Amino acid sequence: MWIDGSLFKGDFKQGARNGYGLWRSMKGTNEVYKGHYMLDKKHGYGIYDWGNGYVYKGFWMDDLRYGEGELLYNN
């Protein structure tokens, strides 16, 4: 469990999230990220679900959406 209450299960390198992992917010928002990390930031391909009908499937760099991807809306 992280300081903010979120949970992470996945790969680490030198104490940082690195490689593939699953992160889940525990603040009641139901946010989930499944994908790749580098140096504790979302980096590479991943899927982020905000838990409110919005889902982004695509690439990340330094925790920001980057390059090709799609943002899906519930409606």
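Leaving aside neighbours within four places in sequence, Tyr56 is in contact with ten residues that include Gly46, Ile47, Tyr48, Trp50, Arg65, Tyr66, Glu68, Gly69, Glu70 and Leu71. Contact here means heavy atoms within 4.5 Å. The model is predicted, so local features need pLDDT of at least 70 and side-chain atom pairs count only at pLDDT 80 or more, while totals for chains, interfaces and linings use all residues. Residues are numbered from 1 along each chain as its sequence is written, and side-chain values use heavy atoms, with hydrogens and water left out.## Overall make-up

The secondary structure of the protein consists of zero helices and six strands, where helices (H or I, at least four residues) and strands (E, at least two) are DSSP runs numbered from the N terminus. The radius of gyration is 12 Å, close to the 11 Å that the globule rule gives for 75 residues, so the protein is as compact as a globular protein of that length. This radius is taken over C-alpha atoms, and the globule rule is 2.2 Å times the number of residues to the power 0.38.

Along its principal axes, the C-alpha trace spans about 40 × 30 × 15 Å. Buried residues account for 27% of the 75 residues. Buried means under 20% relative accessible area, exposed over 50%, and partly exposed in between (1.4 Å probe, protein chains only). Among contacts between residues at least 6 apart in sequence, 3% join residues at least 24 apart.

## The sheet

The six strands form an open sheet in the order β1-β2-β3-β4-β5-β6, with antiparallel pairing. Two strands pair if DSSP finds at least two bridges between them. The edge strands, β1 (7-13) and β6 (64-72), each pair on one side only.

Strands β3 and β4 (residues 41-49) are antiparallel and share six bridges. In this pair, Val32 stands opposite Asp49 of β4. Six bridges also join β5 to β6, which run antiparallel, and here Tyr56 stands opposite Leu71 in β6. The hairpin of β5 and β6 has two residues between the strands, and Asp62 in the turn has a positive phi of about 50°.

## The core and Lys42

Which residues make up the largest nonpolar core? They are Phe8, Trp23, Tyr33, Tyr37, Tyr48, Tyr56 and Trp60, seven residues in all. The elements that give two or more residues to this core are β3 (32-38) and β5 (55-61). A nonpolar core is a set of buried Ala, Val, Leu, Ile, Met, Phe, Trp, Tyr and Cys residues joined through side-chain atoms within 4.5 Å.

Is Lys42 buried or exposed? Lys42, in strand β4, counts as buried because its relative accessibility is 14%. Beyond its neighbours within four places in sequence, Lys42 is in contact with Tyr33, His36, Tyr37, Tyr48, Trp60, Met61, Asp62 and Asp63.

## The loop between β3 and β4

Most residues other than glycine have a negative phi. Leu39 and Asp40 have positive values, listed below.

| Residue | Place | Phi | Relative accessibility |
|---|---|---|---|
| Leu39 | loop between β3 and β4 | near 50° | 64%, exposed |
| Asp40 | loop between β3 and β4 | near 75° | 27%, partly exposed |
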